[in-house]
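Here is a walk through one protein chain and its ligands. Keep the structure open and follow along.

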Amino acid sequence: MAFQRGLGVAVIGTGKMGADHVRRLHDVISGARVTAVVDIEADRAKSLADAIDGCTAYTESAAAIAADDVDAVLIASPGPAHEAALIEALGRDLPVLCEKPMTPDTGSALRVIEAEQRLGHRRVSVGFMRRFDAEYVKLKRLLDSGELGAALMLHQRHRNLTMPPGFTDAMLISSSVAHEVDATRWLLGQEIAAVTVHKPAASSHAPAGMNDPQFVLFETSAGALVDVEIFGHCGYGYQVQAEAVCERGTVRIGDEPGPRVSADGRWGGRVPPDYIERFEDAYDREVQAWVDATRRGEVTGASAWDGYAAAAVCEAGVASQREGGRIEVALVERPAFYP
Ligand SMILES: NC(=O)c1ccc[n+]([C@@H]2O[C@H](COP(=O)([O-])OP(=O)(O)OC[C@H]3O[C@@H](n4cnc5c(N)ncnc54)[C@H](O)[C@@H]3O)[C@@H](O)[C@H]2O)c1
Ligand SMILES: O[C@H]1[C@H](O)[C@@H](O)[C@H](O)[C@@H](O)[C@H]1O
């Protein structure tokens, strides 16, 4: 049987997400083992590798990708480093789960989809984990069932407690709203045709010079309107919510407070501090689905085309931030390779 000792995975980038994926692959996921960890910070990779039997630390992705005990690659380095690792992995015909954004711009995204098409089969999955979140999956099933009629509008809220130092206005779109771009395309089964970004007065808690929050409007190819509130420094927790407005009803997700406690004259639930807690189950399901599919010789989740389309919409969003007004999204013709 192939992968008898478990799928050997190289994790590239061992910061916040990469270290969490190493823990997940080692402790939670079945059918895989971490055989390589890569980080340009040698100590970070070494301390993870030292704790796992049969795991080697590297400082360069090419060396790990060339190793005999590496069957698949999980990329969790910063976005600008993704293209090189993706091209190296595709060069060895290895399956890849690449954290979002697949690449930070359309030029590099096109180079990735061209490299994958040259291989002749799909190898790339992009880590848009909301596709594996239980509530999002239920919303998608309900919309697909047609029970509520066509979706006319989608309201989305994406609030972070705070953002890491150096986070920019453009990253509010390319790193954060990228999730709503993918969720919109996946939930509605439509491309996003135009983007308009509005900037309300900035919160006094936003870093100097940053316009936070922002309000983003998508127009889809079938005429649905989709709004996204992106708030990087809401200050109270991590909150992701969505409401679809359909012809015969509305459906809302993201409100579940977990256990609802009544005490001291108040009732309510808690808001998680970050995505690691809010989407823990979704990341687990995403990585398990990727390992299972890879062992069967299949692919799951968002494709490289989805990664390219998200980059194109985000580029239009950043242009709207910069120039103001409505920007149309320019997509190349979708290859038959990506049905
Ligand atoms: N799906 C999600 O919800 C989610 C959440 C957070 C981050 N992310 C994505 O995960 C990726 C990593 O984000 P993070 O928050 O963990 O960042 P991070 O800064 O915490 O970690 C990145 C790590 O990669 C290392 N690195 C940098 N360049 C490298 C290279 N060329 N090769 C190998 N390692 C390199 C850094 O030294 C660092 O340890 C990004 O693409 C980000 O957008 C996704
Ligand atoms: O990189 C992170 C990550 O993708 C989170 O899921 C998102 O909520 C943050 O806004 C973003 O900065």
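**From the ligand shells to the sheets**

Begin at ligand 1: helix 1, residues 16–28, contributes the most to the shell around this ligand, with 3 residues. The model is a predicted one. In total, 25 residues surround ligand 1. The closest are Gly13, Gly15, Met17, Ala81 and Glu99. By class, the shell around ligand 1 holds 10 nonpolar, 9 polar and 6 charged residues.

Now place this in the chain. The protein chain splits into domain 1, made of 7–127 + 281–302, and domain 2, made of 131–278 + 310–328. UniProt, in an unreviewed entry, puts "domain: Gfo/Idh/MocA-like oxidoreductase N-terminal" at residues 8–128. Over residues 8–128 the chain is 42% helix and 22% strand. The end C-alpha atoms of that stretch are 22 Å apart.

Look next at the sheet with parallel pairing. How many strands does this open sheet have, and in what order? There are 6 strands, in the order 3-2-1-4-5-6. Strand 3 (56–58) and strand 6 (124–127) are the edge strands, and each pairs on one side only. From one strand to the next, the twist averages 25°.

Take the end of the order that holds strand 3. Strand 2, residues 32–38, runs parallel to strand 3, and 3 bridges join the two. Valine 38 stands opposite tyrosine 58 in strand 3.

Then find the helix that crosses this sheet. Helix 4, residues 82–91, lies across strand 1 (7–12), strand 4 (72–75), strand 5 (96–99) and strand 6. Helix 4 runs at about 175° to strand 4.

Move on to where the two domains meet. The C-alpha centres of domain 1 and domain 2 lie 26 Å apart. Contacts link 16 residues of domain 1 with 13 residues of domain 2. Which helices supply at least two residues each to the side of domain 1 that touches domain 2? They are helix 5 (106–119) and helix 9 (280–296). Helix 9 provides the largest share of that side, 5 residues. The side of domain 1 that touches domain 2 has 7 nonpolar, 3 polar and 6 charged residues.

Cross into the second part of the chain. An unreviewed UniProt entry carries the annotation "domain: Gfo/Idh/MocA-like oxidoreductase C-terminal", which covers residues 140–329. Over residues 140–329 the chain is 35% helix and 27% strand. Here the end C-alpha atoms are 24 Å apart.

A further sheet comes into view. This open sheet has 7 strands with mixed pairing, in the order 12-11-7-10-9-8-15. Its edge strands are strand 12 (249–253) and strand 15 (326–328), each pairing on one side only. The twist averages 15° from one strand to the next.

Trace the pairs one at a time. Strand 11, residues 239–246, pairs with strand 12 in the antiparallel sense over 5 bridges. Glutamate 243 has arginine 252 in strand 12 as its bridge partner. Two helices should now be added. Helix 6, residues 134–145, lies across strand 7 (151–159), strand 11 and strand 12. Helix 6 runs at about 165° to strand 12. Helix 7 also packs on the sheet, touching strand 7, strand 8 (192–198), strand 9 (214–220), strand 10 (225–231) and strand 11. The direction of helix 7 makes about 150° with that of strand 7.

Continue along the sheet. Strand 8 and strand 9 run antiparallel, joined by 6 bridges. Valine 195 stands opposite phenylalanine 218 in strand 9. Strand 9 then pairs with strand 10, again antiparallel, over 6 bridges. In strand 10, aspartate 227 stands opposite leucine 217. Strand 9 and strand 10 form a hairpin with 4 residues between them. Glycine 223 in the turn has a positive phi of about 90°.

Finish at ligand 2. Which residues surround it? They are Asn160, Ser175, Ser176, His179 and Tyr275. Helix 7, residues 169–188, gives the most to this shell, with 3 residues. The residues around ligand 2 divide into 1 nonpolar, 4 polar and no charged. Helix 7 thus appears twice on this walk: it packs on the sheet, and it contributes to the shell around ligand 2.

Notes:
Residues numbered from 1 in each chain as written. Chains lettered and ligands numbered in written order. Predicted model: local features only at pLDDT ≥ 70, side-chain atom pairs only at ≥ 80, totals over all residues. Near = placed C-beta within 6 Å. Nonpolar A, V, L, I, M, F, W, Y, C, P; charged D, E, K, R; others polar. UniProt positions renumbered as here; feature names shortened; annotations may be inferred. Pairing = 2+ DSSP bridges. Axes fitted to C-alpha atoms, helices over the stretch in contact; angles between N-to-C directions. Contact = placed C-beta atoms within 7 Å. Domains from an automatic or database assignment.
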